[in-house]
Amino acid sequence: MHLSQPVSLSLLSLLSTTLAANHDITVGPALVFTPNTTTAAAGDTLTFHFNPSQHDITESEFGKPCDYKTGGFYSGSGSLAPAGNDVFVVTVNDTQPIYFYCSVPEHCQAGMVGGVNVPTSGDTLASYASAAAKTSDSTTPKAIAGGVTKPEGEASASSSSAAASSSSASAAGASSKPSSAASGTSSPVASSGTAAAAAASPTSTGTAASLRDGNAGVVFGVVALVGAAVAGMV
Ligand SMILES: *[C@@H]1O[C@H](CO)[C@@H](O)[C@H](O)[C@H]1NC(C)=O
Ligand SMILES: *[C@@H]1O[C@H](CO)[C@@H](O)[C@H](O)[C@H]1NC(C)=O
């Protein structure tokens, strides 16, 4: 059978949704991320659980400890902070090492750092942490970036199945267009709720964007097409 291009793309997104793994990382309550290193594949998600919310997750680079990596992810802190029962979900796009820290003053210097796909020799997390300890201050970005804030329950449901993430996307999505404005505006995301923060954050990554663009009918249609394709092949 012949699949039209948009349907084929939706099909690919759906399959990658199904195969991607989620990795849970707890933020605090002490000055640690647990676990502090994670191995993740491209397309996997990192779900940061706030415990409580007096911390943040800020992406960095190995050579610039406690300094925000331009264009990197940032969960928000202070008036931008997620609620204690929210999570911040970041999609991993490749297997390059990722370093991150908490930008609350003194936390990075005290060792509140973490990594994804960091090497076990050379640019290790321990090397990053010892360089971080020697810095005098941390950079706090101005706007949430690179991930999606959502309520705890919704995140765990959406990481387990495509159907669940489709419904959570539509729940959050009525007012949210897939956003492309990453860092330009410093719009007033601060005091509004989770849905606004999610809508404002610059994450139109593959899975979330395609599911948001679609609707339950499309998803079920794709499932039906997969069934039809498999039936046709045997
Ligand atoms: C990472 O966590 C482990 C286990 O708690 C700990 O032994 C290690 O010192 C931590 N590494 C860094 C760089 O903080
Ligand atoms: C992956 O790409 C998306 C979309 O650009 C971005 O929001 C996300 O922060 C990126 N992930 C990492 C780990 O940089």
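Student: What makes β3-β8-β7-β5 an open sheet in this predicted model?

Tutor: Four strands follow one another in the order β3-β8-β7-β5, with mixed pairing. The ends of that order are β3 (37-38) and β5 (58-60), and each has a single partner strand, so one side of each is left without a neighbour in the sheet.

Student: How do you know that β3 pairs with β8?

Tutor: Happily, we can count. Pairing calls for at least two bridges between the strands, and 2 bridges join β3 to β8 (residues 113-116). The cut-off is met, therefore they count as paired. The two strands run parallel, and T38 stands opposite V116 in β8.

Student: Which helix lies across β3, β7 and β8?

Tutor: That is α2 (residues 125-133), which runs at about 150° to β8. On a scale from 0 to 180 degrees between N-to-C directions, look for that angle of about 150° when you rotate the model.

Student: What is the order of the strands in the sheet of 5?

Tutor: It reads β2-β1-β4-β6-β9, again an open sheet with mixed pairing. Here β2 (33-34) and β9 (148-151) stand at the edges with a single partner strand each, so each has one side without a neighbour in the sheet.

Student: And what makes β1 and β4 a pair?

Tutor: They are joined by 6 bridges, and at least two are needed, so the pair qualifies. These strands run parallel, with T26 opposite H49 in β4.

Student: Which parts of the chain supply the largest nonpolar core?

Tutor: The core has 35 residues, and L46, F48, I57, Y101, C108, V113 and A132 touch the most other members. At least two residues each come from β1 (22-27), β4 (45-50), β6 (86-91), β7, β8 and α2. Take L46 as a nice case: leaving aside residues up to four places away in sequence, L46 touches H23, I25, T38, A40, V90, V92 and V116.

Student: Why is the shell around ligand 1 counted as 3 nonpolar and 2 polar residues?

Tutor: The residues around ligand 1 are N36, G111, L125, A126 and A129. Leu and Ala count as nonpolar, while Gly is placed among the polar residues, so L125, A126 and A129 make the nonpolar part, and N36 and G111 the polar part. No charged residue belongs to this shell.

Student: What share of the chain is buried?

Tutor: Of the 234 residues, 39% are buried, a label that needs 20 or more other C-beta atoms within 10 Å.

How values were computed. Residues are numbered from 1 along each chain as its sequence is written. Chains are lettered from A and ligands numbered from 1 in the order in which they are written. This is a predicted model: local features need pLDDT of at least 70, side-chain atom pairs count only at pLDDT 80 or more; totals for chains, interfaces and linings use all residues. A residue is near a molecule or strand if its C-beta atom, placed from the backbone, lies within 6 Å of it. A residue is buried if 20 or more other C-beta atoms lie within 10 Å of its own, exposed if 12 or fewer, and partly exposed in between; C-beta atoms are placed from the backbone. Two residues are in contact if their C-beta atoms, placed from the backbone, lie within 7 Å. A nonpolar core is a set of buried Ala, Val, Leu, Ile, Met, Phe, Trp, Tyr and Cys residues joined through C-beta atoms within 7 Å.
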